[in-house]
Amino acid sequence: MSNPNAHLSTVVASGDELLAGGWELVVGLEVHVELATRTKLFSGSPNRFGDAPNSNIDPVTLGLPGALPVLNRTAVELAMRIGLALNCRIQPCIFHRKNYFYPDMPKAYQISQYDLPLNADGHLVLPSGTVVGVERAHLEEDTGKSTHVGGATGRIHGSDYSLIDFNRAGVPLVEIVSRPDIRTSEQAREYVTELRAILEVIGASDAKMEEGSMRVDANVSVHKPGTPFGTRCEIKNVNSIRALGRAIDYEARRQIDIIDTGGEIRQETRHWDDAQGRTHTLRTKEDADDYRYFPEPDLVRLEPTPDWIESVRASLPALPAARREALSALTGYDTRSEAIVVVVERGQHGYVHAVADAGGDPVRALVHVQQAFAEEGSTPRVPASDLAALTVMEQDGKVSATQAKQILATLVDNGGGDPSAIAAAKGFEAMDTSAIETMVAEAIAADPDAWAKYCAGEEKAAGAIVGRVMKASKGKADGKVVAAIMQGRRSAG
Amino acid sequence: MPQSASEIARRVRTGETTARSVVEEHLAVISRRDGEINAFNLVTGDSALRAADGIDARVARGEDPGPLAGVPVAVKDNLCTRGVPTTCSSRMLEGWHPPYDATVVQRLSTAGAIMVGKTNLDEFAMGSSTENSAFGPTRNPVDTSRVPGGSSGGSAAAVAAGMASVSLGSDTGGSIRQPAAMCGVVGVKPTYGLVSRLGLVAFASSLDQIGPFAGSVADAALVLEVIAGHDPGDSTSIPQPAPSLVAEVGRGVDGLRIGRVVDLPGGAEPEVEARLEEAFAALVAAGARIVDVALPSFAYALTAYYLLAPAEASSNLARYDGVRYGMRVAAADTNAMYAATRAAGFGDEVKRRIMLGTYALSAGYYDAYYGKALKVRRLIADDFARAYSSCDAILMPTSPVVAFPFGDKVDDPMSMYLCDIYTIPTNLAGHPAMSVPFGLGAHGMPVGIQVLAPTLAESTMFRVGGALEAAGRGA
């Protein structure tokens, strides 16, 4: 909605974020999410994905003559949850009609919000610390779904006939419009990843890009820092977070090539072809529709009371950012560390806290969860007490790090178990120090050159000795103990 | 004139007569007269007789079928009736069977009323003479060489000819009051939001309101009591129960302040002006006081209306695209199918208003047309608010002219639009207004006097309407 050409950027890319040739990438994202309501935005028809075509329809969905919309209260609450999670102002608002003809648009207008959206002027702080402004997050209804049969392109033009499924028509959507604050494709991916995590956490949407319950359009332009924004192109049909990054990178390169060869960017909507890895023109600004927006006379003003807003706010769970902070406080790791970001993204933060609550070592718990629980959901099958027991065994030196990893793998395979029993079964009883000392002496004897280098201060040479000890002990020796013995011998001369 | 609804209901409820005989009498009138008048697009005789038998069975079991027991009612053909064709007098919807009843139709049925048929209208309620019907014009029962007014001409004529005791119409800019005046019956446009619009095929959603036609003010009040009241299915429905109105009709106007609009746009026929003066005099004789009020923005109402109503209509009628229901004209591709379907399905007046409205909402013109019209709408509401600070109701003609001969205005849309000059402002303000027959005008045709009242002041309106009716009967 905003005109990025109208002002100079307040967000400036850092030097290493600039593209080759000193170009600055400017991206704003429009994200549509389907709300996880039981029924549609304006009728009692079920909002359910995957049902037989045209089974979830009614007079309102089909836009039958005489049918009238009645606003779904739950949809408004979920939209307010999104607004609050994105630090938006929730304001009195109205609905508008956006008029255009399309066969899967039953009334030939979409009920949306225009100059007065429910949520306005928010922002999202990404895990990396980047702040992305959120211009608005408004409510609107989804369209039906067309399948164009025949013809080469799968599009309406040139097809033999079209089938329409109205199950999706009237499903509640929230369109979240970011400000053009994104400067790299990595930030764009991070924004969508974080947004998706928030939407899931607050129960607003299942946010699945593959099923279309989350759809991302990217407005991309390039310019030189300190100059007005360049002409933007809107990229559609981006169906995964990976595709988003690729599409933005491609589009930036395309635009820079045009400008570098003396051309001008046309404002247009472009289609991302993931297989070919390129965008192509969908429609230009000249043939854009005139939507003839006007206030929807069948609905009244929506004015959330302060009490209502506060009750929605009070019902919000901890957001991903708060979860990262809590894990950081627990483990001492930075909130931006990969382990914390990944574990929170998977929703396994609560599990790490549970391991710590069961007496486990938080840092080992975090790392184990990050490394071994990628295939597990937010509630891993391994009981928290089992993982806690394993970290305690490690802490006490009863098993080596290598052994711990093997025990962990068994725990994951079996969905739990007693780690000390597993250790015993694997013959992981801790070796006593004198046995290790013997092995170290044998290793030195076997590779005197390495030992000499190590004694001369070449730390890397220690690896050869440690390796021999580990091999001889079949991995049972605690690496820390081996290192301590070697240091002792070296300093003793 | 129609049989009294309250009298029919009383006789059916007490067993003095049967609903079946009442319905049979009305069906007989229909078959005698409607060939000429063409008030009905569809007569639902069989289902009406079945419903009548149901009412009679309930009376026989000692049950009370409701305040409209056995009352034959005609329903404008832009109100959805489950399983019964609803055409809006348009080729576009010919053969469409709605899967649901409009809330008002449901409420009438629950109150014991019996639908005898669906009545003719100007296509999609756009017009002031019922000449814009795809199924031929309706004739005025008072003089069949003349129009019945419109757009609810069929509903007005059905009551005037005694083919139904009461009927329902819809009023966007005068479509109940103007044909009521021209056919010599009572017509009421309630406060916007008093009656649910659910199941009314929309013309201009922010202006449309359903209301009754009746042979008397009391019968109109009785029907309005039945159809009014909150409906959660219409978001613009006022969350209040139906008001009690029948008792107001005979209360008199002693002490009421009646507004006379000093700057009312002229152009009414002299006979109409004369009846208005007599109406004021009658109310004064009944104890009311006349107060001069000004409505300076009134003159702009017509222009504002012909931007706002077509704008909404252009959007409301966009759904008739040939994709899901109604007419479809085959063509090479989707866009050509839209164009061919809409070219064949809509009549000239509907096309004219769709074009007007599309233009008014277009980028670059919105502020100058639609936006400005919205401002006028606010000014008119402000005018009324000021006027009602010094009076309780306002009196003016319903129509500047009596019913005119067929073809008189069809080629001159502006003169047709001017028929609604006195009725449109109340729609813009959302206020109630009613037309009460009051003597005759040129060519011996009926004249209607319009009673306007503030939002939800239906009780005052019916007091004044009742007093006018009493005085008119004596006149």
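Which residues in helix α15 (residues 462-472) of chain A are buried? Keep in mind as you look that this is a predicted model. The answer is A:A462, A:I465 and A:V469. They sit on the same side of α15(A), because the arc they cover around the axis is only 70°. So what lies over them? The cover for the buried residues of α15(A) includes three other helices of chain A: α13 (433-446), α14 (448-455) and α16 (479-492). Now follow the chain out of the helix. After α15(A) comes A:K474, and its phi is positive, near 55°.

Next, let's visit a loop in chain A. Find A:S45, which lies between β1 (24-34) and α1 (59-62) of chain A. Is A:S45 buried or exposed? Its relative accessibility is 4%, and buried means under 20%, so A:S45 counts as buried. Who are its partners? If you skip its neighbours within four places in sequence, A:S45 is in contact with A:R38, A:T39 and A:K40, and also with A:N56, A:I57, A:D58 and A:T61. Take A:I57 from that list: the side chain of A:S45 reaches the backbone nitrogen of A:I57 at 3.4 Å. You can also check A:S55, which is 10 residues from A:S45 in sequence, with 9.2 Å between the two C-alpha atoms.

Now zoom out to see how the two chains meet. On the chain B side, 39 residues are in contact with 31 residues of chain A. Together the two chains bury about 2600 Å² between them, and 59% of that is on carbon and sulfur atoms. In chain B, the residues that lose the most area to chain A are B:S235, B:R319 and B:R324, which together make up 22% of what that side buries.

What about charges and polar groups? There is 1 salt bridge between chain B and chain A. You can spot a salt bridge where the side chains of A:D298 and B:R197 meet, at 3.1 Å from N to O. Polar contacts between the chains come to 16 residue pairs, with both residues at pLDDT 80 or more.

Which elements of chain B give two or more residues to the side that touches chain A? They are α9 (301-316), α10 (334-345) and α11 (348-361) of chain B. Of these, α9(B) gives the most, with 5 residues. Sorted by class, the side of chain B that touches chain A has 20 nonpolar, 12 polar and 7 charged residues.

Notes: Residues are numbered from 1 along each chain as its sequence is written. Chains are lettered from A and ligands numbered from 1 in the order in which they are written. Side-chain values use heavy atoms; hydrogens and water are left out. Buried means under 20% relative accessible area, exposed over 50%, partly exposed in between (1.4 Å probe, protein chains only). Helices (H or I, at least four residues) and strands (E, at least two) are DSSP runs, numbered from the N terminus. The arc is that of the directions from the helix axis to the C-beta atoms. Contact means heavy atoms within 4.5 Å. Buried area is the accessible area (1.4 Å probe) that two parts lose on being put together, summed over both. A salt bridge is a side-chain nitrogen of Lys or Arg within 4 Å of a carboxyl oxygen of Asp or Glu. A polar contact is a pair of N or O atoms within 3.5 Å; within protein, one must be able to donate a hydrogen and the other to accept it, and residues adjacent in sequence count only if both atoms are side-chain atoms. Ala, Val, Leu, Ile, Met, Phe, Trp, Tyr, Cys and Pro count as nonpolar, Asp, Glu, Lys and Arg as charged, and the others, Gly among them, as polar.
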